[in-house]
Amino acid sequence: MDVYLDNAATTFPKPLIVPEKIYDYIVNNGGTSGRGSYEKAMLADGLVYQTRKRLAKLFHHEDPKTVIFTSSVTESLNLTLQGILKPGDHVVTSALEHNAVWRCLKTLERDRGIRITVVPANVQGETMIDDVAAAIQPETRLLVFTHASNVLGTIQPIGAIGQLARDKGILFLVDAAQTAGVLPIDVQAQCIDLLAFTGHKSLLGPMGTGGLVVNCDVVIHPLISGGTGGDSAYEYQPDYYPNHLEAGTMNVSGIIGLGAALEFLEAEGLENIRHKEDALMDYALNALKVIPGIELYGPQDSAKTVGVIPFNLKGHVPEEIAFFLDQNCQVMIRAGLHCAPSAHRLIGTVERGTCRIGIGYFNEIAHIDALIAGLHAFIKENN
Ligand SMILES: Cc1ncc(COP(=O)(O)O)c(C=O)c1O
């Protein structure tokens, strides 16, 4: 039995309806969206719009036209940060950011003269709202926070941070890579101005899909310019959405796949999904806690995290453990630094890294049992 426990990187498997709808589109339609006026192109256009509508509904956003498709959350974050920030702007961010935010901010600090303040977090990866408030300066233009850490799993107090940003008239950008599709997100209630998401993690869609919900009227300069299928004689990128931020032929097959995944999520219900993942987390945490030599990081509490469990075994490097599990037990987990070095600094694993279990909706108790058996076998063979 193959046991896939790397769902924080990308979810696997996908609901069957995802490849089925992609196959159907590629084999039976194949038309581009927003360009042709023949029936099949109009049909493809309609399917893309359906996906925008489903995303708007999921995130409680009123206007599907301001749901922008990108190739990934990385692109969405770059598009937003590069498209908004000006020299002298001050940005407040968390100590848990993925390099998709952090490297982009550091590059803008070096090349555009923005300033960055990192809000401290405790060893569990928890950020205190008072620390966020204390980091705000008169020049603060934007708060950018991950919704949940991909290293520790810790969920951040997004609603409270959003309210603070709204009260102070500061833009609020959220990286929902680890939470979209498993935690409720409400851009209205949580005062989220800009929501960056990826399609291939808990939204259960294909790689190459992602997007940005623009829930404010800030001017975002496009990252790329090009064809939009309309107003072709106009020499600049149109200023209306979604065309303003969508240039070039779209990933129609991927977007249709994402739409199918959203249909699946709606039928299953976010609450049921979260409930199942929480139960698996609790089961895994209880079993892991008693493994000899285990070092567990993060809150170790399913209510405070998404389905991520970081751990080490005393005296062993994480890659050695992951390699053993893969080669001997067909159990796939992640090992190393998970593209977020500052989160590793919090728990003292920036040199060594960690093993990381990423639990997904299609995991079962038997998968956790296989992992635990694999860890016991590793210890027996290597101690
Ligand atoms: C919190 C967070 N942000 C951003 C990303 C980048 O995602 P992608 O590679 O899909 O753009 C990830 C992926 O692991 C993540 O966990």
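A residue is called buried here when its relative accessible area is under 20%, and exposed when that area is over 50%. The model is predicted. Strand β2 covers residues 67-70. Val 67 and Phe 69 point one way from β2, while Ile 68 and Thr 70 point the other way. All four of these residues are buried.

Strand β2 pairs with strand β8, residues 210-214. The two run antiparallel and share four bridges. Phe 69 has Gly 211 of β8 as its bridge partner. Thr 70 is bridged to Gly 210 of β8. Strand β8 is itself largely enclosed by the rest of the structure, because five of its five residues are buried. Gly 210, Leu 212 and Val 214 point one way from β8. Gly 211 and Val 213 point the other way.

Strand β8 also pairs with β7. This pairing is antiparallel too, over five bridges. Gly 210 of β8 is the bridge partner of Thr 198. Gly 210 thus has a bridge to Thr 70 and a bridge to Thr 198. Strand β7 in turn runs parallel to β6, residues 171-175, and three bridges join them. Here Leu 173 is matched with Leu 194 of β7.

These strands belong to an open sheet of seven strands. The order is β2-β8-β7-β6-β5-β3-β4, and the pairing is mixed. Strands β2 and β4 (115-119) form the edges, each pairing on one side only. From one strand to the next, the twist averages 20°. In general, the strands of a sheet pair through backbone hydrogen bonds, either parallel or antiparallel.

Two helices lie across the sheet strands. Helix α2, residues 39-58, lies across β2 and β7. Its direction is at about 115° to β2. Helix α4, residues 99-112, lies across β3 (90-94), β4, β5 (140-146) and β6. Helix α4 runs at about 145° to β4.

The loop between β7 (194-198) and β8 contains Ser 202. Ser 202 has a relative accessible area of 16%. This value is under 20%, so Ser 202 counts as buried. Beyond its neighbours within four places in sequence, Ser 202 is in contact with Thr 11, Ala 180, Gly 181, Val 182 and Leu 265.

Aromatic rings were examined next. The model holds seven aromatic pairs. One of them joins Tyr 234 and Tyr 236, with 6.1 Å between the ring centres. Their planes are 70° apart, and the pair is edge-to-face because that angle is over 60 degrees. Tyr 234 has a relative accessibility of 52%, so it counts as exposed. Tyr 236 is also exposed, because its relative accessible area is 62% and the cut-off is over 50%. Elsewhere, ring pairs link Phe 264, Tyr 361 and Phe 362 into a cluster. Lys 276 lies over the face of Tyr 361, at 5.1 Å from the ring centre.

At the level of the chain, UniProt lists residues 3-371 as "domain: Aminotransferase class V", in an unreviewed entry. The span is 38% helix and 15% strand. The C-alpha atoms at the two ends of this span lie 8 Å apart.

Methods:
Residues numbered from 1 in each chain as written. Predicted model: local features only at pLDDT ≥ 70, side-chain atom pairs only at ≥ 80, totals over all residues. Heavy atoms only, no water. UniProt positions renumbered as here; feature names shortened; annotations may be inferred. Phe/Tyr/Trp six-rings, centres within 6.5 Å; stacked < 30°, edge-to-face > 60°. Buried < 20%, exposed > 50% of the residue type's maximum accessible area, 1.4 Å probe, protein only. Lys NZ or Arg CZ within 6 Å of the ring centre and 35° of its normal. Pairing = 2+ DSSP bridges. Contact = heavy atoms within 4.5 Å. Axes fitted to C-alpha atoms, helices over the stretch in contact; angles between N-to-C directions.
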